[in-house]
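Welcome, and please open your viewer before reading on. We will go from stop to stop, with something to select at each one.

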Amino acid sequence: MLVKIKVNGKLIQDDVQPQTLLLDWLRDHGCYSVKRGCDTANCGLCTVLRDGTPILSCSILTVRCDGHEITTLEGLQKEAGEFGMFMAKQGAEQCGFCSPGFIMNVLAMEKELVNPSDDEIRAYLAGNLCRCSGYMSQMRAIKAYLSRGENHE
């Protein structure tokens, strides 16, 4: 099936098999930040943005993205780098395996929620699993990042 999908600002036209998962298709097109972690839509490692909204690329067919815009971490290097500095400063960066999906969700949350409470942040990120941390350092990094304009960090 012929699809036209804008990936990180670049229009890609491709013939795909109907059963091809978006995760596999993106990796085939050089988006290696999109990772396979569980294949059950439970870990968040494969998170990408479809038209600005986070989705799990391991649980959506590529053909369902025809005519849409997909953004991966490769397309948000500046924003990801800025948030990554907050993670490093708070000791939230351990093995880094979960970071791409986690960062994608934080960047989407920043655009969607205004001054979120801790509970709202936790609810937004509920599908992101980290096997290394206790999430406290990640929460500190998120709060510092979201309030960076107020604190002039």
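Which residue in β5 is the bridge partner of R50? Select R50 and look across to β5: the partner is I70. Keep in mind throughout that this is a predicted model.

**Stop 1: the strands around R50**

Keep R50 selected and turn to β4, where T53 stands opposite R50. Now colour residues 47–50, which make up strand β3, and residues 53–56, which make up strand β4. These two strands run antiparallel and are joined by 4 bridges. Together they form a hairpin with 2 residues between the strands. Click on D51 in that turn: its phi is positive, at about 55°.

Next add residues 69–71, strand β5. Strand β5 pairs with β3 over 2 bridges, again in the antiparallel sense.

**Stop 2: the whole sheet**

Add residues 2–7, strand β1, and you have a parallel partner for β5, joined to it by 2 bridges. To find one of the paired positions, select K6, whose bridge partner in β5 is E69.

Now bring in the remaining strand and view the sheet as a whole. It is an open sheet of 5 strands in the order β2-β1-β5-β3-β4, with mixed pairing. At the edges are β2 (10–15) and β4, each of which pairs on one side only. Turn the view to follow the twist, which averages 40° from one strand to the next. While you have the strands on screen, you may like to show side chains: in a regular strand they alternate between the two faces of the sheet.

Which helix packs on this sheet, touching β3, β4 and β5? Select α3: its direction makes about 35° with that of β3.

**Stop 3: two helices that cross**

Hide the sheet for a moment and show residues 77–89, helix α2, with residues 136–146, helix α5. Their axes come within 8 Å of each other and cross at roughly 125°. That angle makes α2 oblique to α5. The crossing is right-handed.

To see what fills the meeting place, show these side chains:

- From α2, select E79, E82, F83, F86 and M87.
- From α5, select A141, I142, A144 and Y145, which the α2 group meets.

**Stop 4: a buried isoleucine**

Select I121, which is found in helix α4. Is I121 buried or exposed? The residue is buried, with a relative accessible area of 1%. Leaving aside residues up to four places away in sequence, I121 touches M109, P116, M139, I142, K143 and L146. One of these, I142, was also on the list at the previous stop, among the α5 residues that meet α2.

For a sense of scale, draw a distance from the C-alpha atom of I121 to that of G91. These two residues are 30 apart along the chain, and the C-alpha atoms are separated by 18 Å.

**Stop 5: the salt bridges**

How many salt bridges does a search of the whole structure find? The count is 5. Here are some to select.

Begin with D24 and R36, whose side chains meet in a salt bridge at 2.9 Å, N to O. This pair links distant parts of the chain: D24 sits in helix α1 (residues 22–28), while R36 is in the loop between α1 and β3, 12 residues away. D24 is partly exposed, at 27% relative accessibility, and R36 is also partly exposed, at 38%.

Move on to R148 and E110, which form a salt bridge at 2.8 Å, N to O. R148 lies in helix α6 (residues 148–151) and E110 in helix α3 (residues 99–112), so the pair ties together parts that are 38 residues apart in sequence. R148 counts as buried because its relative accessibility of 19% falls under the 20% cut-off. E110, at 27%, is partly exposed.

Finish in helix α4 with D119 and R122, a salt bridge at 3.1 Å, N to O. These two residues are 3 apart in the helix (residues 118–124), a separation of about one helical turn. D119 is exposed, with a relative accessible area of 59%, whereas R122 is partly exposed at 45%.

For a last view, select E82, E110 and R148, which salt bridges with shared partners join into one network.

Methods:
Residues are numbered from 1 along each chain as its sequence is written. This is a predicted model: local features need pLDDT of at least 70, side-chain atom pairs count only at pLDDT 80 or more; totals for chains, interfaces and linings use all residues. Side-chain values use heavy atoms; hydrogens and water are left out. Two strands pair if DSSP finds at least two bridges between them. A salt bridge is a side-chain nitrogen of Lys or Arg within 4 Å of a carboxyl oxygen of Asp or Glu. Buried means under 20% relative accessible area, exposed over 50%, partly exposed in between (1.4 Å probe, protein chains only). Axes are lines fitted to C-alpha atoms, for helices over the stretch in contact, and angles run from 0 to 180 degrees between N-to-C directions. Contact means heavy atoms within 4.5 Å. Angles under 35 degrees count as roughly parallel, over 145 as roughly antiparallel, 65 to 115 as roughly perpendicular and the rest as oblique. A crossing is left-handed if the near helix is turned anticlockwise from the far one by less than a right angle, and right-handed if clockwise.
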